[in-house]
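Me: Please take a close look at one part of this structure and describe it in plain terms. Which residues meet there, and how is the part arranged?

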Amino acid sequence: MMSPEEIADAIPYLSKYQFGLAIAFPYEEINDAYEKLLLKLHAEGILTYLWVLMPDDLGYWIHEGNANQFAEKVQRIQRWFSERNLPFNLAVDMEMPLDQMKVFESGSLLKLLPMMRKNINKKRFESARRVFDQIAETIREQGGKSVAPIAFNLVNEIMNGKKFIQDLFQTPIANWDRISPMFYTSLFEQMTKGLFKKKDARFYMYRTLLKLTKKEGKRASVSLGTIGPGKLGTEEGTGYNDPADFSADVQAALAAEIDDIFVFNLAGIMRSKDPESWFLAITEAEPKIPQKTGKGNLLYRIGNLLGRI
């Protein structure tokens, strides 16, 4: 998590290279330091999303179990923005609850299977989806935008109009302005115990995103990474260290006709030896279809099959 002061240090880069920013915000209220930062970002003309998160005991990420509490929190923050005549844009990190994510990461089937069975609840799922739909609509009515980073394995399901995996993960995908599947290719080797490499994940990502842009048009986005660890800390040592290597992901996304790219995360970039090299690697990337791999095609076919359940 970056402090307001650390984020402020990145403003010259964001302004120079015309990047937007999604600020992770797990707090209940906007304090003086965040107010100063938000006003500075607005004055610089930097598109800013507030990446609103919940307390750990409510699951941290956004899911059907904390939909109502999330809606209440967003309403309070919206009022704060409205009182200061600032545009409000929302990033909604749709993932299973933190405690469940830890079980998922552990790989314990004895814990995982009972948990997943309990997750299936169509009534709760649809109720939460309506709450999220209302949040998205309210933001649009007030002239703002919303984006939802989502698990990459939901993409085909969304395109097919299915809901099973969303319900299984407690992540009903609402009518957000953008959906941004998290294709963190740097984590695939770790997640699959070396079975799939970055090049496999990259080709799978390319084919999936190309299909998404054909279906969803400008609603299609992508989240790339990782550069630096995330909430779980298990990403430590598995993320990108070389901007040129990471640039290959950006090239693949551009080749898939994606024009809205989120990079996770700014902290990793700013704490690197040469932050500007990361900005250059992203802005100077040209569309390039990645190397075709058999395992990448296999991932794509598996994704298509799961998306029909």
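Reply: What follows describes a pair of helices and then two residues beside or within that pair.
This is a predicted model, in which local features need pLDDT of at least 70, side-chain atom pairs count only at pLDDT 80 or more, and totals for chains, interfaces and linings use all residues. Residues are numbered from 1 along each chain as its sequence is written, and side-chain values use heavy atoms, with hydrogens and water left out.

The pair consists of helix α10, residues 198-216, and helix α11, residues 243-255. Helices here are DSSP runs of H or I with at least four residues, strands are runs of E with at least two, and both are numbered from the N terminus. The axes of α10 and α11 come within 8 Å and cross at roughly 20 degrees. Axes are lines fitted to C-alpha atoms, for helices over the stretch in contact, and angles run from 0 to 180 degrees between N-to-C directions. The two helices are therefore roughly parallel to each other (angles under 35 degrees count as such, over 145 as roughly antiparallel, 65 to 115 as roughly perpendicular and the rest as oblique). The crossing of α10 past α11 is right-handed, meaning that the near helix is turned clockwise from the far one by less than a right angle.
On the α10 side, the contact (heavy atoms within 4.5 Å) is made by Lys-198, Arg-202, Met-205, Tyr-206, Leu-209 and Leu-210. On the α11 side it is made by Asp-245, Ala-248, Asp-249, Ala-252, Ala-253 and Ala-255. These residues divide into 8 nonpolar, no polar and 4 charged. Ala, Val, Leu, Ile, Met, Phe, Trp, Tyr, Cys and Pro count as nonpolar, Asp, Glu, Lys and Arg as charged, and the others, Gly among them, as polar.

Arg-202 lies in α10. Arg-202 counts as buried because its relative accessibility is 11% (buried is under 20% relative accessible area, exposed over 50%, partly exposed in between, with a 1.4 Å probe and protein chains only). Beyond four places in sequence, Arg-202 is in contact with residues including Asp-245, Ala-248, Asp-249 and Ala-252, and also with Thr-185, Tyr-240 and Pro-290.

Thr-185 sits in the loop between β5 (178-183) and α9 (188-191). With a relative accessible area of 0%, Thr-185 is buried too. Setting aside residues up to four places away, Thr-185 touches Lys-198, Ala-201, Arg-202, Met-205, Gly-225, Tyr-240 and Asp-249. The side chains of Thr-185 and Tyr-240 also make a polar contact at 2.7 Å. Such a contact is a pair of N or O atoms within 3.5 Å; within protein, one must be able to donate a hydrogen and the other to accept it, and residues adjacent in sequence count only if both atoms are side-chain atoms.
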